[in-house]
Every structure is written in structure tokens, then in C-alpha cells.
Amino acid sequence: MSTWHAPTATGPVTATVPLPGSKSITNRALVLAALADGPSTLRGVLRSRDTDLMLAAIRGLGVGVDADAGEPTTVVVTPRPLHGGHVDCGLAGTVMRFVPPVAALADGAVTVDGDEQMRARPVDTILRALADLGVAVDGQSLPFTITGRGAVRGGAVTIDASSSSQFVSGLLLGAARFDEGITVHHVGKPVPSQPHIDMTIEMLRDSGVHVDDGEPDTWRVAPGPIAAVDRTIEPDLSNAAAFLAAAAATGGSVSVPYWPARTTQPGAQIVDVLDRMGASTTLSDGTLTVRGPDRLTGISADLGDIGELTPTIAALCALADTSSTLSGIAHLRGHETDRLAALTAEITGLGGRCVETDDGLRIEPATLHGGTWHSYADHRMATAGALIGLVVDGVEVDDIGCTSKTLPDFPAMWSAMTGG
Ligand SMILES: O=C(O)C1=C[C@@H](OP(=O)(O)O)[C@@H](O)[C@H](O)C1
Ligand SMILES: C=C(OP(=O)(O)O)C(=O)O
């Protein structure tokens, strides 16, 4: 692993940056297609470590996956009887939390493991829920084994999903194929990332599944077939956020084409955040353009719904002229790394002023200097370092390669944006 010298912008960045498909939509589409009542063609599929791990996971359980003929972003998924196998979830939360209900429907033992760092991320909630629904589960953390019998009883289950919305999404995605469907009831602190739950529900409904989310903290999925649906995946708006933030950081202008007119992706909310920090945004003919201000203003914001945008937003806050308080994101301690600790250490390491609170970060204005920015194998930490490096000389990102988790072309795209 060699360090990457973050390109410094010599002036306001001006660029148009098309983004590949959404990680979250791709991995939901793959799970739904694997469990569907016929073959599906998915277009605009993200090809990255997280999504290739999901492709390999469903293929390893017996699903037909034609992903490498011709255009790599077009994938044909053909459901077949599921059998036992091994699943590598790498550092992908969506693979670790969405695959167990699929494994429960297989006929045979499915072993699941991942990166060393993945073992620190919570998974027990969904494993306990499956056990409560009659599934044979061995283990409460990675590595674990699910021994499927080709069918799952299903029914009602109570969980505490405050550490990740993916527990709710994972249970809902497979549940139409359970004999009794599922009723998931959440008890505990608020569930984060509501837009990602909305994404799950919308995609299930698009597949003809009946979902009732009318009661707070309760979701019901009726048993029935999952219709095979051909889908075109939207661009990844959370990955877009880092590029749009580059306009905000440099007083430049960055456009992202194919911006969806309506979306459940939380990444779309970067627009409000950048506006509040002083940027101006326009959406015209499906292209979103952000124009940066001369000076960035800090913000106080509850990021509970959009936690995955935190590294990008925190990097901008570290460059702002006024203080920021980011709250509602205690669950980020269980993301790819403990993001609250990592952001605090790295911003402080470059001369910034950042402290952890119970549920977030407080960031004060400071003059930053160059130095090594550690990525902790976390794609969004790496891109946050790149963002600061645009306006601070001498920032070295120790592992830019970890951006392959969701955007393998990040270094080339970032250099191109800066005119390199
Ligand atoms: O369902 C999804 O696709 C995701 C849900 C969120 O997880 P948490 O609720 O664990 O934050 C988000 O942070 C993650 O990047 C993707
Ligand atoms: C939290 C994230 O990923 P994961 O799907 O691995 O949870 C993220 O991408 O910011």
C-alpha cells in the first residue's frame, strides 16, 4: 500500500462528473433478483468490491449470474434452487446483513466470513431475529453459519435496529419468501438511515411485494412471490457527494449528470447541506450543479438519516469559517471503522479542531496543514482526505485503494476533476 498525494486544486474546480451506479440500489436489486420468480436484467449495476461480493454471494448459493459477458454493468440474474456454500462479505455491511435471510432459504449450510475489520461490525441483531423465526444459526458474529432447510417459517420478531437500518432492510428483503412473511417491530433508540429503509420498501413494492409501514417502528411484509423486474440502477449519489463537495471547498462548480428527479437515496440530501454551508445548487435537465461559496459556513445538523455522508460533511466542516455540530450519528462507531474516532484523529492530525460527542462531532475553525491522512480501510475516510487535500497542501492519503469498496475509479476521477 503506497500513500497517495492528494491533488491540490490550483483554483476553483470546474468539472462534470458522471457517477457509476448506486451501491445500495445495486445490492438490493441483486438480492431481489436472486429470490424472484424469473430472470431479471439489471442495467447500470455498480461494479465495485461491495457489489462484486454480492454477485459472488448469490452465485455461490446457486443463483445464475451472467455479469461478465459484454457490458459489465449489465447483469442477468436467473434464480435457481438455493444450496449451501460460503459467502465472503469483505467489509460490506449490505452483504453481511442482506445475505443471511437468503441463506436461510437455501438447502444446506452457508458459512459467512469477512475482513478482519468486519468482525467488529454488529450482525447479532439479524442473526438472533432469524433464530427467533426458526432458522438454525450458529454464531452471533463473524464467522457464522446458517443452515437452511429450503424454507423459513417467518412471523413476528422484535429487534433493536438502532445500530443499523440494514437489520430492518435485510429482514424485509427476503421475507416475502418466508411461509408467513414477517412483522418486524423495532424497540430502542431511533433507527438510523430512514431513507435506506424507504429504498428497501420502494424496491419491494416495485417487485409486487406487499409492505405495510403504516405503524411507527413496525414493518409487515406479506408472503408471496417476488416479481422479476428489469431495473436500471440510479447513479450513486453518496459517491457524488464527495465530488459536489469539491465545488463547495474550492469555490468552483461541479455538475453530476443523470441526477434522478425523485429518489430514496440519502445522498440527494447533500444538496441541502451544501446550500446551508453557503453553496448554491441548480437542477436543470437532469444535471445537478453545485457552485461553491467564497467562504464555507459551518452547520449544526442531525445527520441520523444520512449518516454515510458524514465523512464528506465533516471534511467540509473542518474547512469552514464557523463552528459545526454534527449529531444523531452514534451508530457510525460501527461503520467500516469507528468513523467518529477516525475523523477526530485525522482532522486533529492536520491541525484541525474536532472532538467527539456522545452522538457525533463538534468541529471548530482552524488552519489546517499537510500530513498523512489515514483511511482505516474506509472508502469514505479516504475520499474525505482527498477533499481536504484539495485546499490544503501536502495531504497524503495512506490507502486510496480502499475506495474500490464502492468506486474503484475514484483516484482517476478525482485527478481528472482537478485537471490532472
Ligand atoms: O442499506 C443500505 O444500503 C445502507 C444503509 C446505511 O447503513 P446504517 O443504517 O448501518 O448506517 C448506510 O450507512 C450504508 O452505507 C448503506
Ligand atoms: C456505511 C457504509 O457502508 P456499508 O454498506 O458497508 O454499511 C458506507 O458506505 O458508508
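I begin with S164, which counts as buried because 25 C-beta neighbours fall inside 10 Å, where 20 or more are required. Please bear in mind throughout that this is a predicted model. S164 is placed in the loop between β10 (155–159) and α5. Setting aside neighbours within four places in sequence, the residues in contact with S164 are G93, R97, P122, H331 and G334. I chose this residue as a starting point since the UniProt annotation "binding site", from an unreviewed entry, includes S164. That annotation covers K23, S24, R28, S164, S165, Q166, S193, E308 and H335.

Let me turn to Q166, which appears in that annotation and also in a further "binding site" listing from the unreviewed UniProt entry. Q166 belongs to helix α5, residues 166–175. The residue is buried, because 28 other C-beta atoms lie within 10 Å. Beyond residues up to four places away in sequence, Q166 touches G93, T94 and R97. G93 and R97 are thus contacts of Q166, and they are contacts of S164 as well.

The further listing names K23, G93, R121, Q166, R339, R380 and K405. Where does R121 lie? R121 is found in the loop between β7 (107–113) and α4 (124–132). It is a buried arginine, because its C-beta atom has 23 neighbours inside 10 Å. Its contacts, apart from neighbours within four places in sequence, are G93, M96 and G334. G93 therefore recurs: it is a contact of R121, of Q166 and of S164, by the criterion of C-beta atoms within 7 Å. G93 is itself named in the UniProt listing.

R28 is a further residue of the annotation that includes S164. R28 sits in helix α1, residues 23–34. With 27 C-beta neighbours inside 10 Å, R28 is buried too. Not counting residues up to four places away in sequence, R28 touches L173, M199, T200 and M203.

I now come to ligand 2. Which residues are around ligand 2? They are A92, G93, T94, E308, H335, E336, R380 and T406. By class, this shell comprises one nonpolar, four polar and three charged residues. Several of these residues carry an annotation in the unreviewed UniProt entry: G93 and R380 are in one "binding site" listing, while E308 and H335 are in the other. The shell draws at least three residues from each of domain 1 (4–20 + 236–417) and domain 2 (23–227).

That leads to the domains themselves. The assignment for the protein chain gives domain 1 (4–20 + 236–417) and domain 2 (23–227). Their centres, taken over C-alpha atoms, are separated by 29 Å. The contact between them takes 18 residues from domain 1 and 22 residues from domain 2. On the side of domain 1 that touches domain 2, there are five nonpolar, nine polar and four charged residues.

Finally, the chain as a whole. The secondary structure comes to twelve helices and 23 strands. Along the principal axes, the C-alpha trace spans about 60 × 45 × 40 Å. The radius of gyration is 21 Å, which agrees with a compact globule, because a value near 22 Å would be expected for 420 residues. Of the 420 residues, 55% are buried. Among contacts between residues at least 6 apart in sequence, 73% join residues at least 24 apart.

Technical notes. Residues are numbered from 1 along each chain as its sequence is written. Chains are lettered from A and ligands numbered from 1 in the order in which they are written. This is a predicted model: local features need pLDDT of at least 70, side-chain atom pairs count only at pLDDT 80 or more; totals for chains, interfaces and linings use all residues. UniProt positions are given in the numbering used here, feature names are shortened, and annotations may be inferred rather than shown by experiment. Helices (H or I, at least four residues) and strands (E, at least two) are DSSP runs, numbered from the N terminus. A residue is buried if 20 or more other C-beta atoms lie within 10 Å of its own, exposed if 12 or fewer, and partly exposed in between; C-beta atoms are placed from the backbone. Two residues are in contact if their C-beta atoms, placed from the backbone, lie within 7 Å. The radius of gyration is taken over C-alpha atoms; the globule rule is 2.2 Å times the number of residues to the power 0.38. A residue is near a molecule or strand if its C-beta atom, placed from the backbone, lies within 6 Å of it. Ala, Val, Leu, Ile, Met, Phe, Trp, Tyr, Cys and Pro count as nonpolar, Asp, Glu, Lys and Arg as charged, and the others, Gly among them, as polar. Domain bounds come from an automatic or database domain assignment.
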